[in-house]
Amino acid sequence: NVRQAIQRISAFRTNEGAFAYWPGSNDADEWSTNYAGHFLIEAQQRGYLVPAGLLQGWLSYQSRRAAQWGRSGAYLREDLIQAYRLYTLALAGQAEQGAMNRMRELNDLSLTARWRLAAAFALIGQREVAESMTSGLSSQVEPYRETSGTYGSALRDQAMILETLGLMQKREQGLTLFRRISEALSSEKWLGTQTTPFSIVAA
């Protein structure tokens with residue numbers, strides 16, 4: 001299944017190295033680019049063969065977009081898209097620390113974007129920065145569900161927060177979130193294709 005997914009993702013690659021929402025399209029979808037690249041990194045780190053050109057093209061695209069980013073209003077929840085982009089680069093060992101530092105100076109970051117950016121700092125060993133960014137920050141997310149943008153939900157975002165707490169070795173602090181997410185995963189209710197994997201990773 002993992003090998004087939006890697007092969008399938010290749011069909012979504014654009015000329016720039018990003019990933020489109022539909023196969024064969026050359027229009028990059030910023031969230032899908034983050035999400036597909038995240039999968040490729042996780043697969044490679046677990047020993048699966050990821051074509052070097054596929055991953056290198058994605059890394060180059062992500063680095064360019066990270067460096068160029070500024071609020072444009074072109075994307076729904078664009079600060080979360082950038083924070084997730086920076087997280088994926090950190091996970092790949094190619095952290096854009098300049099872009100990370102510029103972003104953490106912004107005063108109007110959304111709750112989930114701030115938590116996701118903190119995870120990027122934790123990944124590169126800067127736990128003190130991550131802790132400073134999240135000190136006193138709520139882990140509660142208002143209920144919502146997106147069918148575009150970041151395709152998110154409150155539970156998906158809480159899973160991101162739980163993962164960040166784990167990266168910061170604050171597992172007791174994340175226990176309430178863990179129980180909530182575990183209950184959702186064990187229930188019969190429908191969970192989105194974003195919510196389920198983020199929840200499993202975090203748990």
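In the predicted model, helix H2, which spans residues 30-45, and helix H3, which spans residues 52-68, approach each other so that their axes come within 11 Å and cross at roughly 135°. That angle makes H2 oblique to H3, and the crossing of the two helices is left-handed. On the H2 side, the contact is made by Glu30, Thr33, Asn34, Gly37, His38, Leu40, Ile41 and Gln44, and on the H3 side by Leu54, Leu55, Trp58, Tyr61, Gln62 and Arg65. Sorted by class, the residues of this contact comprise six nonpolar, six polar and two charged.

Arginine 13 is placed ahead of this helix pair, in the loop between helix H1 (2-10) and H2. With a relative accessibility of 34%, arginine 13 counts as partly exposed. When residues up to four places away in sequence are left aside, arginine 13 touches Ala18, Phe19, Ser25, Gly53, Leu54 and Gly57. One of these partners, Leu54, also belongs to the H3 side of the contact between H2 and H3. For another partner, serine 25, the C-alpha atom is separated from that of arginine 13 by 8.1 Å, the two residues being twelve apart along the chain.

A second helix pair is formed by H4 (residues 78-91) and H6 (residues 111-123), whose axes come within 8 Å and cross at roughly 15°. Angles under 35 degrees count as roughly parallel, and H4 and H6 are therefore described as roughly parallel to each other. H4 passes H6 in a left-handed crossing. The residues that meet are Asp79, Leu80, Ala83, Tyr84, Leu86, Tyr87, Ala90 and Leu91 in H4 and Thr112, Ala113, Arg116, Leu117, Ala119, Ala120 and Leu123 in H6. By class, twelve residues of this contact are nonpolar, one is polar and two are charged.

The loop between helix H7 (127-134) and helix H8 (154-167) holds tyrosine 151, and glutamate 146 lies in this loop between H7 and H8 as well. Tyrosine 151 has a positive phi of about 55°, although this residue is not a glycine. The relative accessibility of tyrosine 151 is 19%, and the residue counts as buried because the class takes in values under 20%. Glutamate 146 is likewise buried, with a relative accessible area of 12%. The side chain of glutamate 146 is joined to that of threonine 150 by a polar contact of 2.6 Å.

A positive phi is also found beyond H8, where glutamine 169, a residue other than glycine, has a phi near 60°. Glutamine 169 is placed in the loop between H8 and helix H9 (175-186). With a relative accessible area of 48%, glutamine 169 is partly exposed, since the exposed class begins only over 50%.

Helix H8 takes part in a third packing arrangement, in which H8 and H10 lie with their axes 8 Å apart at an angle of about 20°. H8 and H10 are therefore roughly parallel to each other, and H8 passes H10 in a left-handed crossing. In H8, the residues of the contact are Leu155, Arg156, Ala159, Met160, Leu162 and Glu163, and these meet Thr195, Phe198, Ser199, Val201 and Ala202 in H10. The residues of the contact of H8 with H10 divide into seven nonpolar, two polar and two charged.

Threonine 196 lies in helix H10, which covers residues 195-202, and is partly exposed, with a relative accessible area of 25%. The C-alpha atom of threonine 196 is separated by 9.2 Å from that of alanine 159, although the two residues are 37 apart along the chain. Alanine 159 is itself among the H8 residues that meet H10. Residues up to four places away in sequence not being counted, threonine 196 touches Leu185 and Leu191.

Conventions: Residues are numbered from 1 along each chain as its sequence is written. This is a predicted model: local features need pLDDT of at least 70, side-chain atom pairs count only at pLDDT 80 or more; totals for chains, interfaces and linings use all residues. Side-chain values use heavy atoms; hydrogens and water are left out. Axes are lines fitted to C-alpha atoms, for helices over the stretch in contact, and angles run from 0 to 180 degrees between N-to-C directions. Helices (H or I, at least four residues) and strands (E, at least two) are DSSP runs, numbered from the N terminus. Angles under 35 degrees count as roughly parallel, over 145 as roughly antiparallel, 65 to 115 as roughly perpendicular and the rest as oblique. A crossing is left-handed if the near helix is turned anticlockwise from the far one by less than a right angle, and right-handed if clockwise. Contact means heavy atoms within 4.5 Å. Ala, Val, Leu, Ile, Met, Phe, Trp, Tyr, Cys and Pro count as nonpolar, Asp, Glu, Lys and Arg as charged, and the others, Gly among them, as polar. Buried means under 20% relative accessible area, exposed over 50%, partly exposed in between (1.4 Å probe, protein chains only). A polar contact is a pair of N or O atoms within 3.5 Å; within protein, one must be able to donate a hydrogen and the other to accept it, and residues adjacent in sequence count only if both atoms are side-chain atoms.
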